[in-house]
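Visitor: Please take a close look at one part of this protein, the place where two of its domains meet. I would like one connected account.

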Amino acid sequence: MKRIIYIAASVFFFISCTENFEEVNTNPNLIDQISPGTLVNEIIYNMANNNVRNYYDITAELMQVKLPYPSFYGGRHRYEILDNTGNSQWNASYKWAKNIREMLAVSEANPNDANYKAIGLTLRAWIYSNLTDSFGDIPFSEASKGDEGGIKPKYDTQQEIYMTLLQDLEDANALYNHENPMLYGKEILFDNNTKNWQRFTNSLRLRLLLRISNVYPEAFGIMVTMLSQEDKYPVITDFTQSAALKVTGITPNLSPWSRALDFSTNQATAAFFVDHLNELKDPRLAVYATEAKDLEGKPIGYVGIPSAYVGDNSQFKFSPSYMNNKQVVAPMSIPILMHSEVEFIKAELAQRGYYNSSNAAQYYTNGVKSAILFVTGKEAPSSYFEQEKAKYDGSLAQIMLQKYVSLYFTDYQQWSEYRRTGLPVLPTTSSMLNDGKMPYRLLYHSDQKVYNPTNYTEASQRIGGDKMNSKIWWIN
């Protein structure tokens, strides 16, 4: 019955949209078989929507992009992680991972569906990498098997999960056949462009390899090999090849915020984020935020509120810049893995001396330009890199600051990169909880204690307790 519900919902998703979805004239209640393309769009759309909402609710607060205002005590910007903070990520990931499992099973049955298998493996790596980066050890190898009686799956170690995902991405790269058309309607991420799917697959592999490089030094050599063999391992090399979901506003492809006001009301921009963009005279700031106003209502430029501020809001003699809700009104784009991120990966490899060291400045510049183009729709001003703060100074800190800005709206990536590198350096206050230390992870879904207690307890003990300060594998 659950499988029929998933299938019926998937077919409805295709029928409803007027663009990028193939019309299906079949009663969904009578379907007993699915094609590997049936579930692709639902997986992409729903996970992208879930991820950008969790960026807004979790990452943006932890990483001092925005904060609820006024907020006198607690909150994620003060490092308060509750039992239910990660529930939506847990629930959505396992729900859509189940559909990916169905998709892979069907595509493996037909040799002509190899492209769909490659896409399924890529989407699975995208979902599970975010999930394990958020929680650490999680159910993986035995997950999504409720229809087979697997209702109490074991928790795999993060190292085991990463090794599997990396192998899946390597296998997916070899599966793509660009001469073989995708027969089951148009998918909404790359419009059936299998070359761009392959670039996404390999770019995702670069992201995951860099993520674990502190504990898996072999990752650097693998990344260099990939970047040195462009024909075998094509990656995203142009802004137009980026993986970003285009939200049209045409039902059912709607904005994650049904009311744009919910995005901005009582949501101030954080001083750390705004101050850096002000110093750079960055054109993205006008897209991200509204102007602050003095007590008489006159605009005073872009001014944020310090995250985890001490005291009440009477200390601020202005109305701060708030989140600009225009950016969540369709048409809009939800970034998944952008060209700028690949350029910053190259810049870091070059800065560290692993890959084309002499080109570090160019990769850095490419990353900044691409990130600005994505947000503003315009090329970066010619004067931008004439500023001392914007010129490449050879430091990893500068690369990571610009990468941090570029990862705005991209699920948990700002937080993950901070946990990997400690950059950018974020200010702390006496109002912060957890002794002012950035949480390492989210807490397991509370249902696990009730419905999967043995495996939950084993995994919790293995990582040092189900606590926000328990280190996950790749944090050195």
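Guide: What follows describes the contact between domain 1 and domain 3 and one strand that belongs to it. The model is predicted: local features need pLDDT of at least 70, side-chain atom pairs count only at pLDDT 80 or more, and totals for chains, interfaces and linings use all residues. Residues are numbered from 1 along each chain as its sequence is written, and side-chain values use heavy atoms, with hydrogens and water left out.

The domain assignment, automatic or from a database, gives domain 1 (39-255 + 330-338 + 426-463), domain 2 (260-327) and domain 3 (342-409). The centres of domains 1 and 3, taken over C-alpha atoms, are 24 Å apart. Their contact (heavy atoms within 4.5 Å) takes 24 residues from domain 1 and 16 residues from domain 3.

About 1,900 Å² is buried between the two, 77% of it from carbon and sulfur atoms; this is the accessible area (1.4 Å probe) that two parts lose on being put together, summed over both. In domain 1, Phe220, Leu227 and Phe239 lose the most area to domain 3, together 28% of what that side buries.

Salt bridges (a side-chain nitrogen of Lys or Arg within 4 Å of a carboxyl oxygen of Asp or Glu) number zero between these domains. On the domain 1 side, the elements giving two or more residues are helix H2 (40-62), helix H6 (194-211), helix H7 (218-228) and strand E8. H7 gives the largest share, five residues.

Strand E8 (residues 332-337) has five of its six residues buried (under 20% relative accessible area, 1.4 Å probe, protein chains only), so the rest of the structure largely encloses it. Helices (H or I, at least four residues) and strands (E, at least two) are DSSP runs, numbered from the N terminus. E8 pairs with strand E4 (residues 243-247) in the antiparallel sense over five bridges; pairing requires that DSSP finds at least two bridges. Within E8, Pro335 is the bridge partner of Ala244.

How values were computed: Buried means under 20% relative accessible area, exposed over 50%, partly exposed in between (1.4 Å probe, protein chains only).
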